[in-house]
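User: Please show me how to read nonpolar cores and aromatic pairs in a model.

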Amino acid sequence: MKYEAKKDRRSSLLFKETRAKTDIYTVEARSLLNKATGFMAAYDFTLNPYRGCQYGCSYCYAAAFSPDSQKRQDWGNWVAIKTNAADLLDRELTKWQKKYDTPPRIYMSSVTDPYQPIEKQQELTKQLLKVMLIYQPILVIQTRSPMIVRDLDLLQQFEYLRINLSIPTGSEIVRKDFEPRSPSVKARLQTINKLRYSIASNHQNKIYFSVTITPLLPTLIADRDKFFSQLMGIDRIVLQDFHPTHKNSLIASTPHQAIALKQKYAWWYDDVAESYHDFKQNLENHLIAWSSPTEILEGKAGFAYD
Ligand code: SF4
């Protein structure tokens, strides 16, 4: 493994290695628990084990938080490992515990995926789970990766946990267009069901499962009913529109591709408010027909633990 020293003042990224077209940096983080604000205000902290994200989804707002414009342009092709994350987290949670009687509310993660491919080798998220188990925070994990199943033994020891699986479309062809590097729709549906059936919520813990259809991407009519039927029984489905009034809403790090995608799916994006309404209405109808106890929440409310 060859490391290339690379000092970047603005980003504080220290070392760089290139592997499978991804630039991998290591960084000493100054803090790990970041005060949650705005959309995440229901939480005390957001927790991001990595900076950057190998999935590089075309619509990802997190690209805007890249350390510089070059990295924003290059979103998806770089990731920084916070090498001191577990120690920092331990110190920060000890500090919280000394100050407060109640557990902190933590959202992992807001600007990265904690189970992106590099986690397989790094096991950084796994280390953080082990630390958190000592303190038992109210934890929400947001991911689109089947790799989360690897940590089943840890996840089932949490007292307050919600796992959000991101599945923004029920159509594999759409997924390949919008997020070509991410796991298949099928793999994600299998993951949420494996988690649901493996981790039981009981009187000792409160563990819930959500599918976040956020942002809502087009789902082909031919795939819609099957997708809905695969969501039955999930505790919560979260819907969020694509900020239809914002003409740049699809533009993260890949403006040209994003505009092309909007044109390719004009049948959906020409009247995106109507597309959203129609999708939600059909989903509700399915839930009623299947007597599913699933709740549908929208936007910010859907991302809360409760
Ligand atoms: S997985 Fe999440 S953080 Fe990563 S690129 Fe996609 S939307 Fe952004």
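Analyst: The following turns treat the cores and then the ring pairs. This is a predicted model, in which local features need pLDDT of at least 70, side-chain atom pairs count only at pLDDT 80 or more, and totals for chains, interfaces and linings use all residues. Residues are numbered from 1 along each chain as its sequence is written, and side-chain values use heavy atoms, leaving out hydrogens and water.

User: Which residues have the most contacts inside the largest nonpolar core?

Analyst: In soluble globular proteins, nonpolar side chains tend to be buried together. A nonpolar core is a set of buried Ala, Val, Leu, Ile, Met, Phe, Trp, Tyr and Cys residues joined through side-chain atoms within 4.5 Å; buried means under 20% relative accessible area, with a 1.4 Å probe and protein chains only, exposed over 50%, and partly exposed in between. Here the largest core has 81 residues, and Leu129 and Met132 have the most contacts inside it. Its largest share, seven residues, comes from helix 4 (residues 124-135), helices being DSSP runs of H or I of at least four residues and strands E runs of at least two, numbered from the N terminus.

User: How is the pair of Tyr107 and Phe303 arranged?

Analyst: Rings of Phe, Tyr and Trp (its six-membered ring) pair if their centres lie within 6.5 Å; planes under 30 degrees apart are stacked, over 60 edge-to-face, and the rest tilted. The structure holds 15 such pairs. Tyr107 and Phe303 are edge-to-face, 6.5 Å centre to centre with 70° between the planes. Tyr107 lies in strand 8 (residues 105-108) and Phe303 in the segment after helix 12 (299-302), 196 residues apart. Tyr107 counts as buried because its relative accessibility is 4%.
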